[in-house]
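Please open the model in your viewer and keep the sequence panel visible. The tour below gives a selection at each stop and says what is there.

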Amino acid sequence: MFDPTQLRTFLAVAQTLSFTQAAHRLGLRQSTVSQHVRKLEETAGRQLFLRDTHGVELTEDGEAMLGFARTILEANERAAGFFAGTRLRGRLRFGASEDFVLTRLPEILERFRHDHPEVDLELTVELSGTLHQQLAEGRLDLVLGKRAAGETHGRLVWRDRLVWIGGERLRIDADRPVPLILYPPPSITRARALEVLERAGRSWHIACTSGSLSGVRAAALAGLGVVPHAQGLVPPGLRALPARSCGLPELGGVDFVLLHGRRATAAQEPAMALSRAVLAAGDRLHRPM
């Protein structure tokens, strides 16, 4: 009933909330993306997206379609692999940003290992900036993480906003330096936070530096300060702060992308398979556990 090609296009739009970005990710024309979505809506008999000059949003039926689309595409992928008669093998060095520690990424990796038991998957969890360096040095084959503002490399998984987050009782005094809880360099969110504060002429001091999400979360729960963080990945117990009422500048957007190693290795096919799995389930990465 549902065309897998149209479902892939739907997922790309749902994850990027942009017909333009979905077209770029899929290597299609924007008119083709619009056509795929229109035909899928005709097949379903429901409107899946709300579109206006401000952007794209999923309707309630669109949210429901997400689960069905993932299930259908995952079943197609497994069936294709089974009847192709080929089993992926090799060593795959995969790097994931600290941002995904508390998401459903483990479920995606568990399914990948179940479907490809002969792939030796090695997982590295680090800051996005560090993962970029390790990929460039040939120490990783595939990376899922943030890219810096203005960069265009990588395959977009989804686009989010950076917000200031903190504990439920935290209050920021507009007349005092902003207490910051940050990852160490080369953290992308650290660089962005310091840049916008300096540009806004807002004084600050670093209350805590931690290389792990658990450390950052613990400091924020203790009320030590604010954290620049992706809106869709706010850890449990913390909340987005109203930036204007706290006198904090806007942090802007952030892209989460997949990046492949440039060198031709035996890990290319496993990396492509894991890349497809992440893209198919990408919207689950920024939804509550």
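Select A80, which is found in helix α4; helices here are DSSP runs of H or I with at least four residues, strands are runs of E with at least two, and both are numbered from the N terminus. At 48% relative accessibility, A80 counts as partly exposed, a class that lies between buried (under 20% relative accessible area) and exposed (over 50%), with a 1.4 Å probe and protein chains only. Add A240 to the selection: A80 and A240 are 160 residues apart in sequence and 43 Å apart in space, C-alpha to C-alpha.

A note on the model: it is predicted, local features need pLDDT of at least 70, side-chain atom pairs count only at pLDDT 80 or more, and totals for chains, interfaces and linings use all residues. Residues are numbered from 1 along each chain as its sequence is written, and side-chain values use heavy atoms, with hydrogens and water left out.

**The nonpolar cores**

Next, select F94, L105, L144, W164 and L274. These residues have the most contacts inside the largest nonpolar core, which has 44 residues. A nonpolar core is a set of buried Ala, Val, Leu, Ile, Met, Phe, Trp, Tyr and Cys residues joined through side-chain atoms within 4.5 Å. Helix α9 (residues 268–280) supplies the largest share of this core, five residues. A second core, separate from it, has 20 residues, including A22, L48, F49 and A69.

Return to L105 and show its surroundings. Leaving aside residues up to four places away in sequence, L105 touches F94, A96, F100, L144 and L285, where contact means heavy atoms within 4.5 Å.

**Helix α5**

Select residues 105–115, helix α5. Which of its residues are buried? They are L105, I108, L109 and F112. These four cover an arc of only 95 degrees around the axis, which puts them on the same side of α5; the arc is that of the directions from the helix axis to the C-beta atoms. An α-helix has 3.6 residues a turn, so residues three or four places apart point the same way. Add β3 (90–97), β4, β5 (142–147) and α9 to see what the buried residues of α5 pack against. On the face turned away from the buried side, look for the exposed residues E110 and H114.

**Salt bridges**

Now show the charged side chains. The structure holds 14 salt bridges, each a side-chain nitrogen of Lys or Arg within 4 Å of a carboxyl oxygen of Asp or Glu.

Begin with E118 and R89, whose side chains meet at 2.6 Å, N to O. E118 lies in the loop between α5 and β4 and R89 in the loop between α4 (60–84) and β3, so this pair ties together parts that are 29 residues apart in sequence. E118 is partly exposed at 33% relative accessibility, and R89 is exposed at 51%.

Move to D141 and R93, a salt bridge of 2.9 Å, N to O. D141 is in the loop between α6 (128–136) and β5, R93 is in strand β3, and the two are 48 residues apart. Is each partner buried or exposed? D141 is buried, with a relative accessible area of 8%, and R93 is buried too, at 17%.

Then select E250 and R161, which form a salt bridge of 3.4 Å, N to O. This pair spans 89 residues, from R161 in strand β6 (residues 155–167) to E250 in the loop between β10 (238–240) and β11 (253–260). E250 is partly exposed at 46%, as is R161 at 38%.

Finally for the charged groups, select R147, R159 and D255, which are linked in a network of salt bridges.

**Helix α8**

Select residues 213–221, helix α8, and colour its buried residues L213, V216, A219 and A220. Seen down the axis, the buried residues of α8 fall within an arc of 130 degrees, so they line one face of the helix. They pack against β6, β7 (178–182), β8 (204–209), β9 (227–230) and β10. Following α8 is G223, whose phi is positive, near 80 degrees.

**A last stop at L123**

Select L123 in strand β4 (residues 119–126). L123 is partly exposed, at 45% relative accessibility.
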